Amino acid sequence: MSSAAIRWGDDTVEARTTTALAIGTMKGAWIAWSDDSVDWQLDGPYLKGWQVTTFGRAADGSHLLATGSSWFGAAIHRSTDLEQWDQVVAGPAFDEADGRKLEQVWTFADSGERLLAGVAEAALFTSDDSGETWSVVAGLDAHPTRKQWEPGLGGLAAHRVLVDTSNPQRMWTGISAVGVFATEDGGETWELRNEGVEVTSPSDGGDIGYCVHALVAHPDDADTIWRQDHRGVYRTDDGGVSWERIERGLPGAGFGFPIDRDAASGALFVVPLESDQYRMPVDGQFAVYRSTDDGDSWHRCEATADSYTSVLRDAMATDCRGGVYIGTTGGEVIHSPDGGDGWIGLPWRFPRILSTHVLPVA
């Protein structure tokens, strides 16, 4: 493994000289290391046979990854060195009388005060001890629309959590196929924020039925959020109170899964697919689209491939230095070291990729 020390939470991007890319797949996890974004070394596989759906970190600096198995169910594993991974014994779990089953852990978020995990069946859990023990966020579970929540094709999952770093009491979560919820009081109460978004599955149970696929926020303005939905790409400048569709230059019907933003350049990235019905690259051309004006317009990056592979919601990442990393359902990792101008394939083929995350190092 690389000898570079992991430096979580360090925003001094000039100090970072090594990139560590965590790759979660249907059959385990790998970590790719590079000092120059050209030559890479690979460590792993870790947790062979486990589905690895996402990565995160705890306040004590330990690393987290979420796993699933048809035999062992959903679990969280922790590591202090990115080599030895130990399963958390008291991970997120529903009360037996609840009737719900923990199907998968989809995302982690650090509010600066506590650790959060979004799971399926849709709920949020929180930990005050760096991921050792977890409790459900009761305020979201008690939302008046809860009994009307219905799964999409990907299940009923809380798969995105955003935190206002200037005020950790403000948070947003994206739930498929329900919508975006926001809290201003640390999770005690939540309200739906989907005005302006095209509904996916109309419901009689209130303002729900929006299949949000991914969310990303401006690092300096938490009220500016971009959203890739089942039916379109959107932006809000008021914390989700209202949304506007931003698809000028995108092909197809605005369908896709990930959306991400490079903190160095401010560029946004999406990977459009033909439609909900087909879920393949438009015209068989795998292509990444970039916006350099906050989503007002989109342009296809020059690098394309004749491929029908796709990208899942957690399989795009940026490194705050212009690097963009995408893992495909075909097991390839492509990356751009220059904010989308040129693209390079890593020299390995993995199982179906579920997640890619950049681990800041120096």
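The exercises below, each with a worked solution, concern a predicted model.

**Exercise 1. Strand E1**

Determine whether strand E1 (residues 19-25) is enclosed or open, and find which strand it pairs with.

Solution.
- Step 1: Take one face of E1, where Thr 19, Leu 21, Ile 23 and Thr 25 are buried.
- Step 2: Take the other face, where Ala 20, Ala 22 and Gly 24 are buried too.
- Step 3: The split into two sets follows a general rule: side chains in a regular strand alternate between the two faces of the sheet.
- Step 4: Seven of the seven residues of E1 are buried, so the strand is largely enclosed by the rest of the structure.
- Step 5: The partner is strand E2 (residues 28-34), which runs antiparallel to E1 and is joined to it by seven bridges. One bridge pairs Thr 25 with Gly 28 of E2.
- Step 6: The connection between E1 and E2 is a hairpin of two residues.

**Exercise 2. The pair Glu 132 and Arg 78**

State what links the side chains of Glu 132 and Arg 78, and what parts of the chain the pair ties together.

Solution.
- Step 1: The link is a salt bridge, with a distance of 2.9 Å from N to O.
- Step 2: Glu 132 lies in the loop between strand E10 (123-127) and strand E11 (135-136), while Arg 78 is in strand E6 (residues 75-79), so the pair ties together parts 54 residues apart in sequence.
- Step 3: Compare the accessibility of the partners. Glu 132 is partly exposed at 40%. Arg 78 has a relative accessible area of 15% and is buried, because the cut-off for buried is under 20%.
- Step 4: The whole structure holds 21 salt bridges.

**Exercise 3. Arg 170 and its partners**

Find which acidic residues form salt bridges with Arg 170, and which network contains them.

Solution.
- Step 1: Asp 164 is one partner, with the closest N and O atoms 2.9 Å apart. Both Asp 164 and Arg 170 are buried.
- Step 2: Asp 223 is another partner, at 2.7 Å between the closest N and O atoms.
- Step 3: Arg 170 sits in the loop between strand E12 (157-163) and strand E13 (171-176) and Asp 223 in strand E17 (residues 221-229), so this pair ties together parts 53 residues apart in sequence.
- Step 4: Arg 170 has a relative accessible area of 13%, whereas Asp 223 is partly exposed at 24%.
- Step 5: The salt-bridge network links Asp 164, Arg 170 and Asp 223 with Glu 184, Glu 191 and Arg 193.

Key
Residues are numbered from 1 along each chain as its sequence is written. This is a predicted model: local features need pLDDT of at least 70, side-chain atom pairs count only at pLDDT 80 or more; totals for chains, interfaces and linings use all residues. Side-chain values use heavy atoms; hydrogens and water are left out. Buried means under 20% relative accessible area, exposed over 50%, partly exposed in between (1.4 Å probe, protein chains only). Helices (H or I, at least four residues) and strands (E, at least two) are DSSP runs, numbered from the N terminus. Two strands pair if DSSP finds at least two bridges between them. A salt bridge is a side-chain nitrogen of Lys or Arg within 4 Å of a carboxyl oxygen of Asp or Glu.
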